[in-house]
Each structure stands twice: as C-alpha cells, then as structure tokens.
Amino acid sequence: MTEADFAFLRLLLQQRSGLSLTADKRYLAESRLGILCRRRGIADLEALVRQLRLGRDAGLESAVVDAMTTNETLFFRDQTPFNLFRDVILPERLAANAASRSLRIWCAAVSSGQEAYSLAMLIDELGERLAGWKIDILGTDISAEILEKARTGIYSQFEIQRGLPIQMLLKHFQQVGDKWQVSQRIRAMVEFKQHNLLERNDQFGRFDVIFCRNVLIYFDVPTKVKVLELLTPRLVPDGAFVLGAAETVLGLATKLTCDPQHRGLYRHVAMAPVAAAPAPGVRPRPAITATALRG
C-alpha cells in the first residue's frame, strides 16, 4: 500500500467512524483489508482504494469500516463495571424510578452483544421484584454485520467460556448444535440498532444508564470530545455513565464528572455525590461468579 493510499484510508476511517488509525497500524490495515479484497474479488489494495476514491459505493465504504473496527468483547468483561451495575447503579435507579416503573439502558458500541445480554441477565436475576416494570436495553454499533450476530444471540463454545459463569449458562442459554443461544426471554429485553457515535442520537430518547466502554480509546481527542458531547444529553439528570477502565472524561467533558466513590462511574456535574466513608462493617460484595449468583 502506498503512503498516499494509506493516508486516504486514514482520512476515510476518521470521517466515517472516528477511528484514529495511527501509522504503526498500517500492517493491520493491510491485513484486514487484504481479506476484504479477497472476499469481494478485488485485485489488491490499490484497486480497493481506487474504488473508494470514486465515492460511488457506500456499501464498500461500510465494509471497510466494518473490517477495521475492533469487535473484541466478552460476557461480563472486566467484571468490575457489572458488579458496580448490580450493587450500586441498579438499586439506585430502581429507587429513583419506582413511580414510573421503567428502566432504560444504552450500550453504545455494543459489538456482538455480550455486554447488553450480561446486563439483561443481571436484571433478570431480580425476578419478581421487577414484575410490572418496563425494561429497555438498547445496543448500538456502527457495524451492521456484527449487529446481525448480536440479534441472533448465538455464540460459540469459545465465546461462552470467556467470562460467562456456568450458572448463567445453564439458566439463560439453550444449546444449538455446537453453539449456545441466549434465551428468548433475555433476547426480548434487548434491541439492537445500527448507529454511528459521531451522528445525532436524539431519536433514541434519554437513558437512566449509558455504558460506553472501551471505545473512546480508539479515538483522537477531538473525536472523544464530540462523542461525549453527543452522549451526555441522552443521560437523565441523575443517571449513571460508565466508561472502560482505561478511559476518562477528565479534560474532555465539561458536563460529566467522576463519581468520587466509584471508579469508572460518571455523573452530570450538578448531580455528582460527595464522597463518603463506608459504613462500619460494610464490605463490598464479591465479583460475579457462579457461586455468587446461585439460587
């Protein structure tokens, strides 16, 4: 791939998806787009870029974005955010929304759906306590192809083994051949839609909780600022905003601030709580495991 072609691809990806493709990732572009060329019967990368430069094939542009988008995810990834959701955010939102008996959650950059289904399973564990509640979980991603996989809720044995407690597997999945499918009850709690985080989102309404984990790390600073500016208005005033462990809003967002008591949790500036010492004798609950969720 020539320098000019690589520069064109970097600009295209930046404009279409916000992805910041650094010079040291050139090998990655050549590898992934080489596979795309073979799949589509395109002679080589130079021919691919020539077609892209014509600007007449939106489908090809989308395929390039899909090929370059990282879709690394797993059930209960990193555990801590899910413990935070179970022990802090969920009880908080149930109390706040007791009158409306509704709960709305947005998983941005949801990839193949494991994060959204993980949250749905945690909510389902409450059983009859949520009888009569309206639960809406929205999962969005820029990739139409990966969302099709998310909607089916079908995962390989390898994907199932990555983070999913055995008790969750037995309770919420059915075996389909050599794969596993999320139960209809859990799938019904989640809706998947294609969405680019750089585009307007007011059509989605407002959410009690927004998960936007492990996506900002792929953007440059101006793009991070834009994404946060677009997401923040979608959060209800006293809602919860969750980022990945390596991400922060510091220096990027003026309307969100760190929750002083919980790492990775962010609030609207006006609603941020003051840090308080834990009550005597109170210990954090254990991480999500089969034993912790049994029964």
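**Cysteines and strands in a predicted model**

User: How far is the sulfur of C258 from the closest cysteine sulfur, and in which residue is that sulfur?

Analyst: Happy to help, and do keep in mind that this is a predicted model. A disulfide needs two cysteine sulfur atoms within 2.5 Å. The sulfur of C258 is too far from its closest cysteine sulfur for a bond, since that one lies 15 Å away, in C212.

User: How many disulfides does the structure hold?

Analyst: C258 is too far from its closest cysteine sulfur to bond. For the structure as a whole, the number of disulfides is zero.

User: Is C37 buried or exposed?

Analyst: Buried means under 20% relative accessible area. C37 has a relative accessible area of 3%, so this residue is buried.

User: Which strands stand at the edges of the open sheet with β5?

Analyst: Good one! This open sheet has three strands in the order β3-β5-β4, with antiparallel pairing. Each edge strand has a single partner, so one side of it is left without a neighbour in the sheet; the edge strands are β3 (154–155) and β4 (173–176).

User: What is the bridge partner of F211 in β8?

Analyst: F211 belongs to β7, where it is the bridge partner of C107. Strand β7 (residues 207–212) is largely enclosed by the rest of the structure, because six of its six residues are buried. Five bridges join β7 to the parallel strand β8 (residues 235–243). In β8, F211 has as its bridge partner V242.

User: Which helix belongs to the β-α-β unit of β7 and β8?

Analyst: β7 and β8 run parallel. Together with the helix they make a right-handed β-α-β unit, and that helix is α11 (residues 221–231).

Key: Residues are numbered from 1 along each chain as its sequence is written. This is a predicted model: local features need pLDDT of at least 70, side-chain atom pairs count only at pLDDT 80 or more; totals for chains, interfaces and linings use all residues. Side-chain values use heavy atoms; hydrogens and water are left out. Buried means under 20% relative accessible area, exposed over 50%, partly exposed in between (1.4 Å probe, protein chains only). Two strands pair if DSSP finds at least two bridges between them. Helices (H or I, at least four residues) and strands (E, at least two) are DSSP runs, numbered from the N terminus. A crossover is right-handed if, with the strands pointing away from the viewer, the path from the first strand over the helix to the second runs clockwise.
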